[in-house]
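Colleague: Could we go through this model together, one helix pair at a time?

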Number of protein chains: 4
Amino acid sequence: MIKSKDRLVSAQQVSQHATPNDCWIVVDRQVWDVTDFLEEHPGGSAIILKYAGRDATTAYAEVHSPSVLTRNLSPEKCKGMLDESTVDGTWDTPAAAKDAGKTAIAVVPDASAKPPLHTLISAHDFEEAASRTASKKTWAFYSSAATDLITRDANKACFDRIWFRPRVLRNVRDVDTRTRMLGIDSPLPLFVSPAAMAKMIHPDGECAIARACEAKGVVQGAAPSGKFFFQLYVNRDRSKSAELLRECSANPTIKAIFVTVDAAAPGKREADERVKADESISVPMAPSQARNDKKGGGLGRVMASFIDPGLTWEDMKWVREHTHLPVYLKGVMSADDAILAMEAGLDGILLSNHGGRNLDTSPPSIVVLLELQRRCPQIFGRMEIYVDGGIRRGTDVLKAVCLGATAVGMGRSALFATNYGQEGVEHLIDIIQDELEVAMRNIGITSLNQAHPDLVHTGDIDHLRMEQWGLTP
Amino acid sequence: MIKSKDRLVSAQQVSQHATPNDCWIVVDRQVWDVTDFLEEHPGGSAIILKYAGRDATTAYAEVHSPSVLTRNLSPEKCKGMLDESTVDGTWDTPAAAKDAGKTAIAVVPDASAKPPLHTLISAHDFEEAASRTASKKTWAFYSSAATDLITRDANKACFDRIWFRPRVLRNVRDVDTRTRMLGIDSPLPLFVSPAAMAKMIHPDGECAIARACEAKGVVQGAAPSGKFFFQLYVNRDRSKSAELLRECSANPTIKAIFVTVDAAAPGKREADERVKADESISVPMAPSQARNDKKGGGLGRVMASFIDPGLTWEDMKWVREHTHLPVYLKGVMSADDAILAMEAGLDGILLSNHGGRNLDTSPPSIVVLLELQRRCPQIFGRMEIYVDGGIRRGTDVLKAVCLGATAVGMGRSALFATNYGQEGVEHLIDIIQDELEVAMRNIGITSLNQAHPDLVHTGDIDHLRMEQWGLTP
Amino acid sequence: MIKSKDRLVSAQQVSQHATPNDCWIVVDRQVWDVTDFLEEHPGGSAIILKYAGRDATTAYAEVHSPSVLTRNLSPEKCKGMLDESTVDGTWDTPAAAKDAGKTAIAVVPDASAKPPLHTLISAHDFEEAASRTASKKTWAFYSSAATDLITRDANKACFDRIWFRPRVLRNVRDVDTRTRMLGIDSPLPLFVSPAAMAKMIHPDGECAIARACEAKGVVQGAAPSGKFFFQLYVNRDRSKSAELLRECSANPTIKAIFVTVDAAAPGKREADERVKADESISVPMAPSQARNDKKGGGLGRVMASFIDPGLTWEDMKWVREHTHLPVYLKGVMSADDAILAMEAGLDGILLSNHGGRNLDTSPPSIVVLLELQRRCPQIFGRMEIYVDGGIRRGTDVLKAVCLGATAVGMGRSALFATNYGQEGVEHLIDIIQDELEVAMRNIGITSLNQAHPDLVHTGDIDHLRMEQWGLTP
Amino acid sequence: MIKSKDRLVSAQQVSQHATPNDCWIVVDRQVWDVTDFLEEHPGGSAIILKYAGRDATTAYAEVHSPSVLTRNLSPEKCKGMLDESTVDGTWDTPAAAKDAGKTAIAVVPDASAKPPLHTLISAHDFEEAASRTASKKTWAFYSSAATDLITRDANKACFDRIWFRPRVLRNVRDVDTRTRMLGIDSPLPLFVSPAAMAKMIHPDGECAIARACEAKGVVQGAAPSGKFFFQLYVNRDRSKSAELLRECSANPTIKAIFVTVDAAAPGKREADERVKADESISVPMAPSQARNDKKGGGLGRVMASFIDPGLTWEDMKWVREHTHLPVYLKGVMSADDAILAMEAGLDGILLSNHGGRNLDTSPPSIVVLLELQRRCPQIFGRMEIYVDGGIRRGTDVLKAVCLGATAVGMGRSALFATNYGQEGVEHLIDIIQDELEVAMRNIGITSLNQAHPDLVHTGDIDHLRMEQWGLTP
């Protein structure tokens, strides 16, 4: 039997395999059939399809180490070696340019390439770019939320339904977005929510986020340096969590402990379940690998499996005993639990429905904040209230602050920005900072101290707010 | 004249008839023009189109008795006998694979095949699969509802507009979905609503549903074994209904009698009317066959023709006299009638608008439940309240239970699951059970006893609730 | 110069002109270029396109007198005489069947043919059929309404937002839709609103409507026989109106005078304006022809030009003096004017916004009816209240009657039904009657006397109702 | 090397480059490849594509000076000189007409041509025409608004959600739209808002608007003659603004000073930012050119850069000292600031959110007007209240006047009308005047003095109105 390496393939033969259903590329003279690999490519299929039927050596070298193809593809996918004597002047021309009518890739070749970072001018732009350029699984894992996505979408929509009441003729020459949170200074009332598996979208992954946060002075969840807070998922095995708490308390960069309480059961994230998981991936926190079972290939489900659903208010005392750091609850979704947290003497809460990922039709976080304003405004003087979910704009940040929030978290948007590494996350923070300044000026305030509920009108969502406990009128 | 059986047709000739507008297939060497038959095929056209221009003998034999083609097609549709000497190696290749650009069937060949059961992970998935793979008439009959479909769609939408108020830091390690209904135990607060003509989608029909319910321990309407209740449509000829009641009362598996009161007149289900009925079908309950008349081909209309629209509260006494079983009303759509039922000493009611099939703009069932919470909360202590209509998710089940329902019924979804026989219905029940457990954990309860109205917020649909009798403010 | 009649054209040549942009047909051997005529054809272009490139003699003879083509087309459109020696066996095959890919008409040939009457099972179906088969101008004139169509669409939508509260266990074996209106009996609470220019859609025009109404015993506006009321548009020249009133009063078939008060100025019906009018058309009431001017080609504007915008409550006394018939106001749009009408001693009012044709964002008629229920329920005992606008279903009729209406009018739907002549209008009335009976049974009433406001719930539109005069809270 | 000027190109060769992806044209015998230039062409690509593959000399000469092509295109885009001996009779035929199936430009050739002015019958029509025929940058600059366009769209939508309560039987023979504003007479309660850079859509630019306003007697912002008010953007350098105020005060045609207070920070108009600016354009007010930077190419941002964000109520006294003219505030967005303005003794205010361009989710202007009606109706007797934002119809004008506005401004619509020069703007004013008269007659008033809040019902937007200061109920 002739080994593929000994077989010569002409440039013309390669050219004939230039569609998503039949795609060969040449790398370092080796001719590979990458048809089956297209969907699995972590960087998305589009970048490969740009070189369908052609030589991808240069593009390949910019991104990959030489052995990646060999490791990822089985030997029989190697169709032979390129017969370089057959290469003529048209060999470098993209197939699309030669005959737009013939190959499928001609249809949207540019749509799938990452647009240059400087052309992205909003958080939406980062999301849109990720939807087109991330792999199918990455997009599914990042964007998915519980079942019918009602909470995920309402998180954002409720911000849009709050109206400003801008004041005019205030001197807004100098505007200052700085605030104080977790006992430390922050350049703006924003933190990056802890988010898992950032490496799916960029090789630098969490490091890119951490470096960007450090550069910008922004607080981040669960990072190795800079200012950050630690998001604790209490383990069924308490001793492991105790160990973690001790480590955190000894780490001077950790400013606070956030105990996650909105993940009593992993949500059913259907888009994530529907896309097969790469079972070689190690999932954070869970002492296991990704897996595909009869419920699907959901990474989120695997990650949640170690979390203790038996956590109670009693455990908060246990946490207190294991750390001197301020303790916050992440995942409060009702004014009643907020009041309990205050009464329990906690340092603060993060109103969060986990980005709509755990329980669909959980209330939008901003609605719960509104409930607090109505039912116990004194809570804002007694502890710090954070909010996440649906934040896409500087105006969203400002609305939350007007309604009493100390700061807000961004999760998904930061992941989408990681598509461009550290620089992407920094650019996202700059965008939000700029939008926030514009909004502050336009409602007539120069410092966040001046933000207050009268600067917004919530008449369009007031009916979503629970006025009091109990159905009776 | 040469008889078609004597005419030889080459494989290549057959191949040239491979589109929806010109479709030949080969069965047992006979070449048939099935173009006109495509739309009439009870199993849908897609399955035939998969064999357009090819040999369908094997697939055919799996489903049909040999004479079906002969009985259904007129002789001139037989184009001759396949000349087997012309069959070469490509003969078994689907036309689509050969030249995707040439044949119309290439466009959606897979879209019409039933996806594997394990890839269905929600009730919506079953509906979506049925919409693509059931015959036109089956889909029309199952999915249709009265006139403009407003009630059908509002049934579901109103569940989506109810928000949870999840509580945190409750120990939810062990969650129990069991409940008691109709005096017996049930693994979850769910029953399968009686639904007619399940054989249209699967040869096992009602038996598949019954076996699945028995396997899962779930109550079902009108089944021959297992735990079930009997849905009584009172006949114009009372003696026939009396006979039925006697039989039911003597049958130890029957736990209750549900008297249908929401079908005083058959609704106008336009999608059902628009598709011609197969007049050879026997319609349950009605002592007649399906028929096509000037109103259309509606099966629902025929089925309803024997029901007595003269039923009154007096008749409930008559029912009581003919059975020792608990008696429930199915089809209550106002708090006022619920109160009358309580006052009449009935054992319970099923709030139902018949899936929106009878009167369009009947109120969504969950809204009537809400009215009961507001106008006479004491009713929940006095009799069992069931709800059906629009249930698609475990969260829907939990919302109804929070608002006071003993259990909820699923009708259409069970029919759509029957597409996969018994196994499909079991899978559907597993999905709902799983979603219910996740939702219970995430709102912080471990037993349905802990469900109560404060765990939901209905501010977005409160205006749809009738506060009191009378328009005056 | 050779006259076109002497020129021979082969069948093959004719076949080459078979698209909407280049369309020849043969009638009585004459070959005509009807490309420019397509858009103007009163019967729509589709019927002609079915014969594009072919012989249309038979189809033509069924509809037109021999001279129509000659009169409508200029001589140079005659391309010659068909050379019959060139006609072969394929000549009668529709172009579409020959090569679906080549001619534009193949795409929707059947979509434009009128579906058989018996397949239409709702008022919507008649509208849908008219939208496809009426001429562009007819569709524009019938379907158009003032500016942004907000009122036209809200008329219908507000009915859809009213929910029934059906009652069960009432004996509804025998249901009776009869009522009394204008002092006479009517088989159902429905009348056909006066509507102009019915001949645009069917040669029988108004006669078809009148004969259908007579056959069904239904009251109609402005018809020559049967039971009807007369819709008076008061002329700027009062003597002409006085003359009309005298004639009406002497006519025993006329039961009432409806004075139109909602057309003080002709509305701006943009769809109507945008389509050129055939200036040979005589417009009813207006002593002039249709015309195209700088505002467009609106027929509605021309029709309104003679109406006196100077009408006042004083004039109602003048009307009373000129007739012994009961006098009604057509076009009341506020509870305040309804009360004034009652105080003026009028016999009744028709709540109407002219189908949304005159002033966009006029209130939906059913909302005004609701205002009356709230602000002066006693009015229903003092005079008859009619409603039109947005009635498409028997359920709409029943909702209006529940809220106090004596009967409702259908305008546009009747015009769309006239597409099928007298038979079409009768079929429409049968449909509404049937839908009304089904709805009555399903809400638990057997006579319209039992209809009352408690059987509907208006919570979804209550905020559109003006509670009282004045903005102050 | 042969210079392109020496190369002969046949007419047939030129014809083969007739698509948007490959487009050659001939101007003065020179053959140019304008493919890359299509998108950059300030007049839009459509006009060039009309001559794709053909001779554009005549059309070109009508618009451009001879050197424009040479200046804009690099020499290598010149493909040679047309070989005139190859020009035959079909050379002037548009490619589209020759073979509609072959060239992309055939698809929408007419869609991009300006429709004749007389076919435009509403403000929407002008917008629609501009969206198709203006250059990409012009459309982006004119139509864009801040971030998610929520305020821009709500401005219009809130008008649509206000319902008239028309009164009948009022004598409306003679209707008078005249009013008094800024101490002078106006034929209707409308002014043209100041809008920058009208030359982008028409060479006459601001002059066309000014001449149209003068012809119609309508007040306009910032024009060189006729009745107008001056919109003051206070400069960071107050001496420049003082100078401007002195000039205005000395100019007898200037009737009032409007101090802009809703532009404390330039809004983020993303559509504007996304399209590259032509850096040769001079931007009004700003002492600089358009530029492209890392935020994008937004013209609006550049224009705003000189505005002083330090303006306060104190400065209003300073303005008063520098002019005898009445002083108004433009950009009030809350009842509270309206009251402050009244207390400060200003002559009036313009409720405006700058067309949604500055701060997204600023309240719709009409909602602020409604707040004033509710919270301090006496304000309407003390100063003039103007409104802009979302005005598209005569009915919108009338609604604002009913709710107390003296007059309303149109900005974007006037720019879109400038597409047709002076004549276009006049036509727009005529349309609004006509719509206003129709609306007045149909609600039963003959003079704007009779307009009052009872003629409208705002129940659908009342919840968007801020009842009082403070969130507490």
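Modeller: Two residues are in contact if their C-beta atoms, placed from the backbone, lie within 7 Å. Helices are DSSP runs of H or I with at least four residues, numbered from the N terminus. This is a predicted model, in which local features need pLDDT (the predictor's confidence in each residue, from 0 to 100) of at least 70, side-chain atom pairs count only at pLDDT 80 or more, and totals for chains, interfaces and linings use all residues. Residues are numbered from 1 along each chain as its sequence is written, while chains are lettered from A and ligands numbered from 1 in the order in which they are written.

Colleague: Which residues of H17(D) meet H19(D)?

Modeller: On the H19(D) side, the residues met are D:Ile432, D:Asp434, D:Glu435, D:Leu436, D:Val438, D:Ala439 and D:Met440. Their partners in H17(D) are D:Gly394, D:Thr395, D:Val397 and D:Leu398.

Colleague: At what angle do H17(D) and H19(D) pack?

Modeller: The axes, which are lines fitted to C-alpha atoms over the stretch in contact, with angles from 0 to 180 degrees between N-to-C directions, lie 7 Å apart for this pair. H17(D) and H19(D) are therefore oblique to each other, a class left over once angles under 35, over 145 and from 65 to 115 degrees are set aside. The angle is about 60°.

Colleague: How far apart are the end C-alpha atoms of H19(D)?

Modeller: Helix H19 of chain D covers residues 421-443, and its 23 residues at 1.5 Å a residue should span 33 Å (1.5 Å times one less than the number of residues). The model agrees with this expectation, since the end C-alpha atoms are apart by 34 Å.

How values were computed: Helix = DSSP H or I, 4+ residues; strand = E, 2+ residues; numbered from the N terminus.
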